[in-house]
Amino acid sequence: MTAAKFTAADVQRLLDRVPFVRTLGLVFEEVDGALRSRMPYRPEVIGNPRVPALHGGALAALMEIAAQAELIRATGATRVPRIFSITAEYLRSAALEDTIGSATVITRSRRFANLRVELRQASSERPVAAATVQFLLVE
């Protein structure tokens, strides 16, 4: 299967093999030709019920997996890419609602790939978090 034919459904099938993807209930969708990674709101992902806000660990996981999903789609990979590093930026509290991740490949060489991820919610124009993620492509 080539990268051009890699659909959101193909990404979903591959990443559903990862138990944490299933635990978070992540859904991969194509919107206007772009891949979106959606984490549906569930009470289990609340980090601080007094604010209330989603847990930073769940947001970080969504950013990492959104980057993996985009890299899988871009390269046609049949295995989940290995993360090398991630720098997460928490920009504001995430409301108790679905959170959408979108990633962009910034650079890619034979050995490494760098991606930028943003998390957004319907209740705001501003992102709730962002990350720079690097992957090792050669094992």
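**Exercise 1. The surroundings of Arg 126**

Task: Which residues is Arg 126 in contact with, leaving aside its neighbours within four places in sequence?

Solution:
- Start with the cut-off: contact means heavy atoms within 4.5 Å.
- Leaving aside neighbours within four places in sequence, Arg 126 is in contact with Arg 92 and Arg 120.
- Take Arg 92: it lies 34 residues from Arg 126 along the chain, and their C-alpha atoms are separated by 8.9 Å.
- Locate Arg 126: it sits in the loop between strand 7 and strand 8. Strands (E, at least two residues) and helices (H or I, at least four) are DSSP runs, numbered from the N terminus.
- Classify it: Arg 126 is exposed, because its relative accessible area is 54%. Exposed means over 50%, buried under 20%, and partly exposed in between (1.4 Å probe, protein chains only).

The model is predicted: local features need pLDDT of at least 70, side-chain atom pairs count only at pLDDT 80 or more, and totals for chains, interfaces and linings use all residues. Residues are numbered from 1 along each chain as its sequence is written, and side-chain values use heavy atoms, with hydrogens and water left out.

**Exercise 2. The fold in outline**

Task: How many helices and strands does the protein have, and what pattern do they follow along the sequence?

Solution:
- Count: there are 3 helices and 8 strands.
- Read along the sequence: the pattern is α-α-β-β-β-β-α-β-β-β-β.
- Check the contacts: of those with a separation of 6 or more, 61% join residues 24 or more positions apart.

**Exercise 3. The nonpolar core**

Task: Which element supplies the largest share of the largest nonpolar core?

Solution:
- Define the set: buried Ala, Val, Leu, Ile, Met, Phe, Trp, Tyr and Cys residues, joined through side-chain atoms within 4.5 Å.
- Size it: the largest such core has 35 residues, and those with the most contacts inside it include Leu 15, Phe 28 and Val 117.
- List contributors: at least two residues each come from several elements, among them helix 1 (8–15), helix 3 (56–75) and strand 7 (112–120).
- Conclude: helix 3 gives the largest share, 11 residues.
- Zoom in: leaving aside neighbours within four places in sequence, Leu 15 is in contact with Val 21, Phe 28, Ile 65, Ala 69, Ile 72 and Val 80.

**Exercise 4. Overall dimensions**

Task: What radius of gyration does the protein have, and what would a compact globule of 139 residues have?

Solution:
- Apply the rule: 2.2 Å times the number of residues to the power 0.38, with the radius taken over C-alpha atoms.
- Compare: the globule value is near 14 Å, and the protein has 14 Å, which agrees.
- Add the box: the C-alpha atoms fill roughly 45 × 30 × 25 Å along the principal axes.
- Add burial: 37% of the 139 residues count as buried.
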